[in-house]
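Visitor: Could you take me through one part of this protein at close range? I would like to see the open sheet and what packs around it.

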Amino acid sequence: MLFKQQALLRQKLFVLGSLAIGSVLYLVARVGTLDRLQPICPIEGRLIPPEPEKIPLRTLQFKRGLLHELRKGNATKEQIHLHNLVQQLPRAIIIGVRKGGTRALLEMLNLHPAVVKASQEIHFFDNDQNYARGIDWYRGKMPFSFPHQITIEKSPAYFITEEVPERIFKMNSSIKLLIIVREPTTRAVSDYTQVLEGKERKNKTYHKFEKLAIDTNTCEVNTKYKAVRTSIYTKHLERWLKYFPVEQFHIVDGDRLIMDPLQELQLVERFLNLPSRISQYNLYFNATRGFYCLRFNIIFNKCLAGSKGRIHPEVDPSVVTKLQKFFHPFNQKFYQITGRTFNWP
């Protein structure tokens with residue numbers, strides 16, 4: 001009897017031991033799988049939205065002079081060392097749209113004490129030669145900032161360049177993406193106007209907008225014309241959505257940013273998980289320029305470059321109507337995807 005009990009006990013111990021070993025082997029295999037599923041970029045490069053209460057804005061207010069130098073990109077080596085300033089990869093990028101108001105948006109967001117902007121368009125992700133220089137080269141183009149500040153850059157060509165979504169995803173799959181748009185036909189004419197001005201400065205001739213926007217052979221909208229193609233927002237956005245969920249995009253109304261900037265900027269603050277700090281005090285209307293200018297403090301004000309707000313050439317109304325009808329179905333799809341509706345024709 002005792003022998004049978006001992007044998008039964010040994011059998012139970014064997015089963016329990018086997019189960020324990022099996023559990024260990026499962027955990028080892030599971031860990032191995034997780035190791036293989038690590039993000040493309042290290043966690044340092046991924047976006048971790050800052051909690052509003054953790055951004056030491058009170059401390060930043062006491063460093064207004066240094067913040068002013070950071071905004072201008074003039075931090076000295078002594079300041080960099082003393083304040084532990086760093087060059088950070090952007091946590092948010094204004095990816096487009098050209099002539100939508102990207103420069104105005106960047107400058108206005110720079111009013112926020114927790115935001116630092118890259119002054120120039122880097123063109124890292126849309127330029128093969130720049131991209132081949134590597135991520136450290138890109139980081140080196142960023143301004144110095146406090147570790148808790150958010151660096152933002154803008155390059156409107158990103159939105160329409162095919163390779164860019166995948167390249168940005170590889171850098172940071174959680175990055176926040178800002179797209180500022182205007183009524184598509186107006187944006188196309190604005191695009192044409194900028195190119196026309198550049199041609200005239202070089203004493204070169206250029207076709208009229210109507211001839212470029214409408215195919216003379218078919219009398220239909222010329223989708224090969226870049227200014228028209230850029231305004232088909234949904235076509236470009238669909239390519240980005242292959243890599244990023246729609247929640248990582250914020251659509252800014254470029255027309256409203258000109259007329260009533262504060263409400264648009266407050267929406268962006270919320271999207272970036274920033275405490276609300278941009279106020280009406282920071283924005284004042286300049287009647288001479290016809291635009292809002294920026295007030296950083298009682299000493300430092302800034303208006304956008306004089307090249308902004310160019311006068312558009314007269315365009316044949318029938319061409320405008322044809323373009324508006326062409327863009328209409330694309331606009332409807334854009335509203336559906338983004339959840340933001342505009343009063344476009």
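Guide: Happy to; here is the sheet, followed by the helices beside it. This is a predicted model, in which local features need pLDDT of at least 70 and side-chain atom pairs count only at pLDDT 80 or more, while totals for chains, interfaces and linings use all residues. Residues are numbered from 1 along each chain as its sequence is written, and side-chain values use heavy atoms, leaving out hydrogens and water.

The open sheet has 5 strands in the order β3-β5-β2-β6-β7, with parallel pairing. Strands here are DSSP E runs of at least two residues, helices are H or I runs of at least four, and both are numbered from the N terminus; two strands pair if DSSP finds at least two bridges between them. β3 (115-117) and β7 (249-253) stand at the edges with a single partner strand each, so one side of each has no neighbour in the sheet. From one strand to the next, the twist averages 25°.

β6 (176-181) pairs with β7 in the parallel sense over 5 bridges, and I180 stands opposite V252 in β7. Helix α12 (233-240) packs on the sheet, touching β2 (92-96), β6 and β7, and its direction makes about 175° with that of β6. Contact means heavy atoms within 4.5 Å; axes are lines fitted to C-alpha atoms, for helices over the stretch in contact, with angles from 0 to 180 degrees between N-to-C directions.

α14 also meets these strands: its buried residues pack against partners including β6, β7 and α13 (254-259). Among those buried residues are L262, L265 and F271, buried being under 20% relative accessible area (1.4 Å probe, protein chains only). Just after α14, N273 takes a positive phi of about 60°.

Key: Buried means under 20% relative accessible area, exposed over 50%, partly exposed in between (1.4 Å probe, protein chains only).
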